[in-house]
Structures are given as C-alpha cells and as structure tokens.
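Here is a walk through one protein model, from the inside out. Have a look at the fold, then read on.

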Amino acid sequence: MSAFQTAIVPAAGLGTRFLPTTKAVPKELLPVVDTPGIELVATEAAEAGAKKLVIVTSPGKDAVAEYFRPQPELEQTLEARGKTELLDKVRRAPNLLTVETAIQDKALGLGHAVGCAEGNLTGEDEAVAVLLPDDLVLPTGVLGRMAAVRERFGGTVLCAFDIPREQISAYGVFDVRETGDDDVKQVVGMVEKPKAEDAPSTFAAAGRYLLDRAIFDALKRITPGAGGELQLTDAIALLINEGHPVHVVVHRGGRHDLGNPGGFLKAAVDFALEHPDYGAELGEWLRERLDNS
C-alpha cells in the first residue's frame, strides 16, 4: 500500500499574475503545450500511489474540478468521428483518480488551505501529500522517494532543492542535520527568506509535502500571522519543537514555476522541445530565431 492515499492541491488563488486571462480561465487550466498544469500535478500524484485528489478551491472557481469530470457527449462525438487520439486525451484526466473539492472561503494562507481539506480525509489517511500546482518538480518521482523516507523515519517528509547561496534569500530555507544519506536530511528548523550570510543551509523548500496527519491538529494551534494567514511552515515548526520527526529529501533534478508568465513560458518551451509532434520543428525555429536576434 502507498504511504498516502490522498493528495491535496491548493488551487483557490486568483491567478493575478496572469490577468486578464484568469478572469475567465483558472491559472491551473492554462496548458503547458497541450496539458493543463493541474493534470500534470494530478498525474504525478497518481503515479506515486494517490487514489484521491482534493482540490482546494474558492467559491465560484468550479472549472478546475470540472476538468476531471467525464464529458460523455464530447466523447461520443469524438468516437463517432474516429478521433481516437483526442478521445484518449479527453478521457485521461477523469481516469487518473477520484477528485473531490474543498472550499477555502478566504485567502488565509497555505496552512489554512491545507486545513480546509481535513473534512475530505478518512480514518485510513495517516498521511497526506500536498502538491503546489505552481511547482513542476522534474523528473517526477520525488513523492515516491519521500514515501520511502517516511517509511524509514516516520513523521513528515518535505522536498528541497540545493540552491546557490547567492540566490537563497528568495526561499524558505531548512536548518538540517545529517542522516548519513546525502539526499536525506533531518529538519530541525526553518527560516523564511534569510540573508545569504545568515542562511542555515542552501536547502530551499519546494512545493511537495508528505505530511503526517498530526499537521491538522498543529494547524489549529498556531497563531495567525499578518493578514490572519495560517502558514504551513509554522505548523511544521510546531511539530518539530514537539519532537515530531521531520525530514527533507533533496531533489537533484529540475523545477519549473508555473506561477508567473516567465516561468510558465520556460516550462512550455521545455515541454514542447520534448514533444514528439512539435519538438524538432520548434528547436529548429528557436535556433534560427536566436541566430537572427
């Protein structure tokens, strides 16, 4: 059995960096070439063993969950026209895993968003995965490594990248102790956006979490910060202070940030270059374009 059955995806934001498009289309449905970011994240969760996806959304933002619903009329039309390749694409997301929603009425921080999904859990959920849809962690598979670390040490497991120290002030940074494995560290504290010279390490938080269910109790006991927001890092810090084991898996791969147009464009180009239908032509065009710039 997988270390977790449920994955939570916080998706209640307004997508302000993508306005005016996000007035009508949720940021999570913007396509990375031909697949929305939310489907890429859901696929990652399913491949790691999740059976259920809980999308934390805001009132009226129904399109993200609707994307995972079957569309019988569209499927029948495509089937009748012999569009089997398109039919497979349309059926792909609804067949990944069961999708439920939780409503976050107010934008009160990541911790609050995660807490909104507690009612979607069952007694079998001893741990939950949280995947931030703005983060594409490549290659996929880090959740499986995180699950193995939880099996070994118990508790909560996080994901980190090793960031050049001169860039570290833009990130939340882990204070760590060695475990004997270069890619697994014990977390003893966290510092949000420290100066480079003050950073306790160069291991920066990424958007993947495997949280022990104790996190929901901790979220109820932390103090809201500025704007009344509940920060997930504060709840994790509380668990650390109480002796709860927390470890981090250092991911040596790549990452794309879908949360801003510049990062989104990089992801689209990266994925398009690997696409069997578009990659060769796009690569040739890019070389010509750069040579003529």
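The largest nonpolar core here has 46 residues, and those with the most contacts inside it are Leu 53, Ile 55, Phe 68, Leu 131, Met 146 and Leu 210. By nonpolar core I mean a set of buried Ala, Val, Leu, Ile, Met, Phe, Trp, Tyr and Cys residues joined through side-chain atoms within 4.5 Å. "Buried" stands for under 20% relative accessible area, "exposed" for over 50% and "partly exposed" for anything in between (1.4 Å probe, protein chains only). Helix 6 (residues 142-153) gives the most to this core, with five residues. Apart from it lies another core, of 33 residues, with Val 130, Ala 160, Val 176 and Leu 219 among them. In soluble globular proteins, nonpolar side chains tend to be buried together.

A word on ground rules: this is a predicted model, so local features need pLDDT of at least 70 and side-chain atom pairs count only at pLDDT 80 or more, while totals for chains, interfaces and linings use all residues. Residues are numbered from 1 along each chain as its sequence is written, and side-chain values use heavy atoms, with hydrogens and water left out.

What does Ile 55 touch, not counting residues up to four places away in sequence? Its partners are Val 9, Ala 11, Val 64, Ala 65, Phe 68, Val 99, Glu 100, Thr 101 and Ala 102. A contact here is heavy atoms within 4.5 Å.

Now for the secondary structure. The protein has ten helices and 13 strands; these are DSSP runs numbered from the N terminus, with helices (H or I) of at least four residues and strands (E) of at least two. Strand 6 (residues 127-131) is a good one to click on: five of its five residues are buried, so strand 6 is largely enclosed by the rest of the structure. Both of its faces are covered, with Ala 127, Ala 129 and Leu 131 on one side and Val 128 and Val 130 on the other.

Two strands pair if DSSP finds at least two bridges between them. Strand 6 pairs with strand 1 and strand 11, and strand 10 pairs with strand 9 and strand 12, as listed here.

| Strands | Sense | Bridges | One bridge pair |
|---|---|---|---|
| Strand 1 and strand 6 | parallel | three bridges | Ala 7 and Ala 129 |
| Strand 6 and strand 11 (residues 203-212) | antiparallel | five bridges | Ala 127 and Asp 212 |
| Strand 9 (residues 172-181) and strand 10 (residues 184-192) | antiparallel | eight bridges | Asp 181 and Val 184 |
| Strand 10 and strand 12 (residues 246-250) | antiparallel | three bridges | Gln 186 and His 247 |

Strand 9 and strand 10 also form a hairpin, with two residues between them.

On to the rings. A pair of aromatic rings is described by the distance of the centres and the angle of the planes. Rings of Phe, Tyr and Trp (its six-membered ring) pair if their centres lie within 6.5 Å; planes under 30 degrees apart count as stacked, over 60 as edge-to-face and the rest as tilted. How many aromatic pairs does a search of the whole structure find? It finds two. Phe 18 and Phe 264 have ring centres 5.8 Å apart and planes at 75°, so this pair is edge-to-face. The pair links distant parts of the chain: Phe 18 is in the loop between strand 1 (6-10) and strand 2 (31-32), while Phe 264 is in helix 9 (residues 261-273), 246 residues apart. Phe 18 counts as buried at 10% relative accessibility, and Phe 264 counts as buried at 11%.

Tyr 67 and Phe 68 form an aromatic pair that is edge-to-face too, 5.5 Å centre to centre with 90° between the planes. Tyr 67 is partly exposed, with a relative accessible area of 28%, whereas Phe 68 is buried at 4%.

Two more residues are worth a look. Buried or exposed: which is His 275? His 275 is buried, with a relative accessible area of 16%. His 275 lies in the loop between helix 9 and helix 10 (279-291) and, leaving aside its neighbours within four places in sequence, is in contact with Val 33 and Asp 34. Lys 23, in the loop between strand 1 and strand 2, is exposed at 70%.

Finally, the overall picture: of the 293 residues of the protein, 45% count as buried. Along its principal axes the C-alpha trace spans about 60 × 50 × 40 Å.
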